[in-house]
6 protein chains.
Amino acid sequence: MATVKILSDADAEANPAVKAVFDDIRATRKTDFINNFWRGLANDPVTLKRTWEGLKAVMTGDTALSPVMQEMIYIAVSTANGCNYCIHSHTASARAKGMTDAEYSELLALIGLAAQTNHLVTAMQLPVDPAFLVEG
Amino acid sequence: MATVKILSDADAEANPAVKAVFDDIRATRKTDFINNFWRGLANDPVTLKRTWEGLKAVMTGDTALSPVMQEMIYIAVSTANGCNYCIHSHTASARAKGMTDAEYSELLALIGLAAQTNHLVTAMQLPVDPAFLVEG
Amino acid sequence: MATVKILSDADAEANPAVKAVFDDIRATRKTDFINNFWRGLANDPVTLKRTWEGLKAVMTGDTALSPVMQEMIYIAVSTANGCNYCIHSHTASARAKGMTDAEYSELLALIGLAAQTNHLVTAMQLPVDPAFLVEG
Amino acid sequence: MATVKILSDADAEANPAVKAVFDDIRATRKTDFINNFWRGLANDPVTLKRTWEGLKAVMTGDTALSPVMQEMIYIAVSTANGCNYCIHSHTASARAKGMTDAEYSELLALIGLAAQTNHLVTAMQLPVDPAFLVEG
Amino acid sequence: MATVKILSDADAEANPAVKAVFDDIRATRKTDFINNFWRGLANDPVTLKRTWEGLKAVMTGDTALSPVMQEMIYIAVSTANGCNYCIHSHTASARAKGMTDAEYSELLALIGLAAQTNHLVTAMQLPVDPAFLVEG
Amino acid sequence: MATVKILSDADAEANPAVKAVFDDIRATRKTDFINNFWRGLANDPVTLKRTWEGLKAVMTGDTALSPVMQEMIYIAVSTANGCNYCIHSHTASARAKGMTDAEYSELLALIGLAAQTNHLVTAMQLPVDPAFLVEG
């Protein structure tokens with residue numbers, strides 16, 4: 001069980017601020033489905049709206065990265081941060097947006113490899129090579 | 001200072017197992033540069049070889065993801081894991097492989113967004129929606 | 001299932017070292033309830049006692065921070081560390097000690113915000129401003 | 001060195017979108033000081049603005065938690081996430097907003113205690129007590 | 001449910017690359033049991049083989065550390081990284097390899113202590129003592 | 001620079017509670033050296049004493065694990081938690097207590113391997129095998 005109430009559609013309808021965000025999520029994602037993340041966040045309509053607006057700004061419209069690539073980055077961060085819900089949610093999303101099995105296998109292999117080298121580097125406390133100390 | 005010796009080229013030349021891997025890194029990456037990660041790992045030539053072979057298998061040849069995308073995933077995991085050296089190393093690598101400023105800005109925004117939603121989800125202890133409980 | 005035995009009250013009664021700590025927890029917290037953390041830790045009565053004494057020293061008596069504030073800090077650390085049990089336990093505790101819905105909403109928003117800026121900062125590898133390099 | 005350019009005041013003045021945010025930070029915080037976080041984030045004026053607006057919404061105005069308490073929660077999350085810059089920045093901020101030495105000592109003790117119990121719980125894989133499975 | 005298919009023995013038999021690795025795991029571990037980690041990883045036979053070969057190289061044969069000690073290190077890392085499956089798996093393995101209750105209690109106490117001092121150190125942003133800045 | 005004052009020997013001498021702990025550290029460790037961790041923690045003599053007593057209880061006397069093994073576990077947790085100071089401190093300590101190069105190489109290889117499998121498991125969201133669901 002969650003630490004917050006998971007708002008039902010009826011709960012959402014009763015709160016104009018929540019209803020407005022749920023309506024926008026449905027319109028933007030072209031689906032009737034509102035997942036538990038939004039339903040839990042909806043206990044605080046201000047944070048719900050701000051978080052949705054942020055996600056919409058980054059993940060829709062004319063993006064530099066493809067939708068599949070965006071979801072893959074999301075899976076990578078969520079895995080390192082150990083967020084089980086997020087891993088399920090974004091893996092489903094990545095597949096829905098067209099991620100192939102080959103891309104997914106490679107993502108997993110990369111995540112495992114990065115975790116391994118991250119830990120080896122940290123244990124060795126390596127100094128950054130001067131060649132890498134160049135800003136954008 | 002590192003917790004291990006950073007092997008110089010002379011050190012590497014004196015150890016055939018290390019020299020073999022450094023030669024392969026140079027040939028594969030088409031550069032003379034060997035970074036501190038390999039030089040630190042080289043204290044254990046067996047782990048050096050295994051790690052290099054693993055990285056080469058995943059990150060070279062006919063990959064499902066582009067080299068830039070691979071580096072971006074590496075940056076994402078390294079950031080969540082807080083590996084400073086890795087962040088410098090792979091950001092430099094991503095730029096060298098053609099990551100644009102727009103792609104990089106979007107990567108940063110995604111990493112920040114994912115971290116935020118990861119923590120919100122974890123704090124709320126949300127149950128995974130049945131719709132997401134579908135394997136590949 | 002846990003990796004350790006969850007000691008029942010009967011188990012505790014049979015071990016004087018454990019019984020002494022359980023009695024003190026009950027007396028200090030003015031409740032008969034002993035949660036699974038103490039029941040699991042009780043497999044090692046020495047660590048059980050030391051951990052309880054540490055927690056008692058920090059979280060009871062004449063504290064600088066209010067009980068609710070202490071629990072909110074506990075929730076914050078437990079969320080970043082991804083400890084599901086701890087999040088449930090300390091959220092329940094915070095509410096029992098008087099945390100309001102408004103305070104909880106703000107705590108969640110802060111945790112999400114901090115996670116976001118933590119990751120953005122780490123990805124950018126920012127140097128600490130000299131103005132911040134001042135000890136207490 | 002950062003992975004991004006740290007924008008100077010001159011850089012900011014030259015970009016209206018950045019200037020607008022820097023002006024608002026200065027007006028809101030009643031200080032001329034703009035730290036490296038904003039100067040690094042300013043490479044992407046859209047993310048800069050969204051992040052600042054989010055932080056302003058949560059941390060200013062009529063908040064449920066005091067400014068000092070908010071900074072203490074920020075320190076707690078940043079410590080668990082290992083963000084060195086953030087720890088320096090928010091510890092300085094907490095002190096500037098009135099955090100006492102006694103409050104800070106207690107914060108440190110709580111963070112250490114929480115980390116300890118987080119890890120013990122995780123290692124023991126404890127099931128959540130039914131008594132804790134109650135939403136708000 | 002996993003994000004990948006958990007391969008059954010029949011699935012494995014149908015794929016020579018997977019069968020070869022499963023046969024080797026069984027022969028090396030002298031048991032018929034193949035756990036869910038290998039069954040999930042088997043969706044990508046190349047990563048399956050590479051991961052198994054790496055684990056076999058480090059954890060079998062003439063090792064510097066005893067099998068029990070190796071598993072204890074694995075539990076320690078898995079706990080800090082919050083991998084629930086791994087904690088269950090390696091705790092079972094450590095016990096099967098002879099870890100005593102006294103050793104396990106001490107491991108738990110050490111993990112808790114290390115987490116505590118890790119967080120205290122990080123919050124205090126301590127400079128490394130010159131005496132520690134000595135490589136191997 | 002630290003966020004706290006690093007107490008000098010003169011500072012310690014002036015505070016009986018601190019002096020008592022520093023004297024005990026010196027007597028127990030049979031060295032005059034007091035590292036920055038204790039010097040930073042000493043700003044809060046109560047936490048200093050409790051932390052030292054805890055560490056002394058776990059890491060000295062008749063322990064189930066050897067001193068070198070204890071330090072290796074400490075390095076493992078500190079690496080996963082990304083505590084740079086702790087990694088330097090405990091690696092130096094492990095070597096001082098007799099950790100060989102072969103043991104250290106194996107420790108690094110294990111840490112890297114564990115991180116890799118931790119992340120792969122988490123990404124795959126594997127269910128725990130019933131065979132592992134057995135308490136002590």
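**Note on the chain interfaces and two residue environments**

1. The count of salt bridges between chain B and chain A is zero, a salt bridge being a side-chain nitrogen of Lys or Arg within 4 Å of a carboxyl oxygen of Asp or Glu. The rule does find 24 residue pairs in polar contact across this interface, with both residues at pLDDT 80 or more. A polar contact is a pair of N or O atoms within 3.5 Å; within protein, one must be able to donate a hydrogen and the other to accept it, and residues adjacent in sequence count only if both atoms are side-chain atoms.

2. This is a predicted model, in which local features need pLDDT of at least 70 and side-chain atom pairs count only at pLDDT 80 or more, while totals for chains, interfaces and linings use all residues. Residues are numbered from 1 along each chain as its sequence is written, chains are lettered from A and ligands numbered from 1 in the order in which they are written, and side-chain values use heavy atoms, with hydrogens and water left out.

3. Chain B and chain A each contribute 64 residues to their contact, where contact means heavy atoms within 4.5 Å. About 5,800 Å² is buried between chain B and chain A, and carbon and sulfur atoms give 73% of that area. Buried area is the accessible area (1.4 Å probe) that two parts lose on being put together, summed over both.

4. On the side of chain B that touches chain A, the elements giving two or more residues are H3, helix H4 (45-59), helix H5 (67-80), helix H6 (84-96) and helix H7 (101-124) of chain B. Helices (H or I, at least four residues) are DSSP runs, numbered from the N terminus. H7(B) gives the most to this side, with 17 residues. By class, the side of chain B that touches chain A has 42 nonpolar, 17 polar and five charged residues. Ala, Val, Leu, Ile, Met, Phe, Trp, Tyr, Cys and Pro count as nonpolar, Asp, Glu, Lys and Arg as charged, and the others, Gly among them, as polar.

5. A turn of 180° with a shift of 0.0 Å along the axis lays chain B on chain A with an RMSD of 0.0 Å; the superposition is by least squares on the C-alpha atoms of residues with pLDDT of at least 70 in both. The two copies are therefore related as by a two-fold rotation axis. The same surface serves both copies, since 100% of the contact residues of chain B recur in chain A.

6. The contact between chain D and chain A takes 14 residues from chain D and 14 residues from chain A. Chain D and chain A bury about 1,000 Å² between them, with 58% of it on carbon and sulfur atoms. The rule finds zero salt bridges across this interface, and zero residue pairs in polar contact (both at pLDDT 80 or more). The side of chain D that touches chain A has eight nonpolar, three polar and three charged residues.

7. B:Arg39 belongs to helix H3 (residues 36-41) of chain B and counts as buried at 12% relative accessibility (buried means under 20% relative accessible area, exposed over 50%, partly exposed in between; 1.4 Å probe, protein chains only). The side chain of B:Arg39 reaches the backbone oxygen of B:Leu7 at 2.9 Å, and a polar atom of that side chain lies 2.9 Å from the backbone oxygen of B:Ile34.

8. E:Thr28, in helix H2 (residues 16-29) of chain E, counts as partly exposed at 27% relative accessibility. A polar atom of the side chain of E:Thr28 lies 2.7 Å from the backbone oxygen of E:Asp24.
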